Amino acid sequence: MESVNSDLQRERESAGISSEDFAVWWAGGRDKLQQRRAVERYFFDDPEFDDAVPPSCMSYKERYEHSIAKGTKFVARLRQWQRENGYNEQSVNLKAVHDFRLMLSGPLGTALFQQSFPLRLHFGMFLPSILNLGTEEQQRTWLERAWRMDGIIGTYAQTELGHGSFIRGLETRADYDVASEEFVLNTPSLSAYKWWPGGMGQTANMVVVLAQLYINGNHHGLQPFLVRIRDEQTHEPLPGIDVGDIGPKMGGNGVNNGFLGLRNVRIPRQQMLMKHAQVMVDGTFVRKAKPQLVYGPMVFVRVMIVRDAMFQLLQAATIATRYSLVRRQSPIEPGQAEPQILDHLTQQVKVLPQIARGICYRLVADELWRFYNDVTQSQSTQAQLAELHALSCCLKSVCTADSAEGIDMLRKCCGGHGYLASSNFDSIMGLANAAYTYEGEHTVLLLQTARFLLHNYEDALKRRVMPASITYLRLPVRHSWGNNLMENAVRALEISAVEQLRDAWEWLRQQRKRGQTLEQATNLSGRRLTAAATLYGHAYLTRNTLQQLKQLQKLPKLGEILAQLLELYILDSFLRQLSAILRWQSISARQVQQVEQRFEQLLTQLRPNALAIVDGFDFDDRVLNSTLGAHDGRVYERLMEQARRNPLNQESVNGSYYTHLQPLLRGKL
């Protein structure tokens, strides 16, 4: 048995909490933890899922082929495991798709597919599109086949080469031919080509295409169409289809992102997904629900991305915490032994708040999922739909931005070793940076949130009822600083959010009075509007954390440590947004010092339990895939072992010496 680093062993023995207790809570109960561990062991103990050659040493084409081979085997083995262990086949519903998506983007999927799962869009976007946008009859026709991958591997195509988040600008069009009862789809220009859909390049054979609908020359908005792009038997592109791969990316290269051009591609009338709008045989257009509901799959995936941001941040935090307890450097007192670098306050400031942030993102992701279900599974009001859209946009933007920033900080706090590919920060960072942009660009989503905020600010002035996430718009904008620092911090963020929104609203009105159109005025107010949306996000996150803290602190064994972590997140959010807070409120230096002192006190209190907490996330070494973050803490041994496996080190003299370096040294180049 390989030895465990003595510093990590001592940390585990002296911790004030049990990492197993934390793991049980984190998993949602003992049964769920055991189930997850069982399915992970089923795959991790199977040598067929080992990578004989590190994917980083493969070409782009080899990596795709390896990823597909492994991905198809994974789906088959997973369903075999479910049958063998008595898990009855679930009916295909949103929860089943949600749970499968969590598995793919969670520990198991990450361990097996460090560059993302190649069929992710099939389960994460294609199936939710049929569920959200298809009629009951269409679901009976397509859903079960798609779930079982019976001749169908799908993806979702909205983004175009020339248009992304501005969906009204999408150029792909579908014209209804009354005579043949068919839609004719075209991408009329190069910029209209669909661009980016995961799995599009070589994997998918069906696509949910978002296109502008025209009937007898009349425009009826953006609608979803189910289009087969490759032959079910041969996989060859069908007539009128121009499809391919867009090439390597900064990360997520296990997903085969592609392009799609359409030239007079005909599909039956029944392949327009018609849950919310319908085209009759004679070409009559019937809208059955709010047009915004066509974007339901995008809301679903943004809800999921908040959890993805949490997972990526906590992977990085676990690696950095373990490394910070193995690495010793820079004596605090002259003549003393070098301490673990996590004993330095400056290292604690970089690492521990990121752990707290990840935990709070998990709490808000759970709350957002509950809200999504409440809204989508009932007769929701326009106000509820608007709030869900705004929250999912805002939290996706804020959480992915702060997660990417946090991961980069955690990489940097591991020094030079964090820059090595074997640390795995590059893979984690690549996926985190992608999430910042995909499924809605960061700034565009903040501006959509701001539109919701402006509308409700005007309603607040009229004393109307506010949505739950912004009831503070009706509260006084002055707060008396009390003894409860967490409540002080949360109210400070809420008041700043109100004042920043007021400033944006007033500035927009001023521009309108100067003769600007609403669109021009909105553009000129963009900086203020995005700032207001960002503060709304932080206010919501901290208020949700404070509300959850009241329940979590009552938990036996873990209540105290969870209360410390949640308080750390709230105070850290206050300090990170301090410039915005001080712009709008009179908070004294002494009051800020109170927050700073309590913040540093929490760091000291959490330091002895840092390893037990990250161990409680229960990441297998294959999930982290890091020389710096393995459970045994053998950092230096693993770094050297990895270096010795480098193909360049398999020969004492590389062939390039004889072909290039030797002639140069002998003056014969």
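Trainee: Before we get going, what do buried, exposed and partly exposed stand for here?
Mentor: It all runs on relative accessible area: over 50% is exposed, and partly exposed falls in between that and the lower cut-off. Keep in mind that we're looking at a predicted model. The lower cut-off, the one for buried, is under 20%.

Trainee: OK, so is Thr 159 buried, exposed or partly exposed?
Mentor: Thr 159 sits in the loop between strand 1 (154-157) and strand 2 (173-177). Its relative accessible area is 28%. Buried needs under 20% and exposed needs over 50%, so Thr 159 comes out as partly exposed.

Trainee: Which residues does Thr 159 touch, leaving aside its neighbours within four places in sequence?
Mentor: One of them is Gly 164. The others on the list are Tyr 193, Lys 194, Trp 195 and Trp 196.

Trainee: And Gly 198, is that buried or exposed?
Mentor: Gly 198 lies in a loop too, between strand 4 and strand 5 (206-215). Leaving aside neighbours within four places in sequence, its contacts are Leu 121, Thr 155, Val 255, Asn 256 and Asn 257. Its relative accessibility is 6%, and the cut-off is under 20%, so Gly 198 counts as buried.

Trainee: Why do the two positions under the UniProt "binding site" annotation gather at one spot?
Mentor: The annotation, from an unreviewed UniProt entry, covers Thr 159 and Gly 198. They span 40 residues in sequence, yet they gather at one spot because their C-alpha atoms are no more than 11.1 Å apart.

Trainee: Thr 155 turned up among the contacts of Gly 198. Which residue is its bridge partner in strand 5?
Mentor: On strand 1, Thr 155 and Ala 157 point one way, Gly 154 and Tyr 156 the other, and all are buried. Strand 1 pairs with strand 5 in the parallel sense over four bridges. The bridge partner of Thr 155 there is Val 207.

Trainee: Moving to the open sheet, which strands are at its edges?
Mentor: Three strands make up this sheet, in the order 4-8-7, with antiparallel pairing. An edge strand here pairs on one side only, and that goes for strand 4 (194-195) and strand 7 (241-245).

Trainee: What does Asp 242 pair with in strand 8?
Mentor: Strand 7 and strand 8 (residues 258-262) run antiparallel, joined by five bridges. The partner of Asp 242 is Gly 261.

Trainee: Last one: what is the area of the nonpolar surface patch that includes Leu 661?
Mentor: Leu 661 is in helix 23 (residues 655-665) and is partly exposed at 44% relative accessible area. Together with Leu 664 and Leu 665, Leu 661 makes a patch of about 320 Å².

Definitions and conventions
Residues numbered from 1 in each chain as written. Predicted model: local features only at pLDDT ≥ 70, side-chain atom pairs only at ≥ 80, totals over all residues. Heavy atoms only, no water. Pairing = 2+ DSSP bridges. Helix = DSSP H or I, 4+ residues; strand = E, 2+ residues; numbered from the N terminus. UniProt positions renumbered as here; feature names shortened; annotations may be inferred. Buried < 20%, exposed > 50% of the residue type's maximum accessible area, 1.4 Å probe, protein only. Contact = heavy atoms within 4.5 Å. Patch = residues over 30% accessible without salt bridge, like charges linked within 9 Å, V, L, I, M, F, W, Y side chains within 5 Å. Areas by Shrake-Rupley, 256 points an atom, 1.4 Å probe, with all protein chains shown as cover. Salt bridge = Lys/Arg side-chain N within 4 Å of Asp/Glu carboxyl O.
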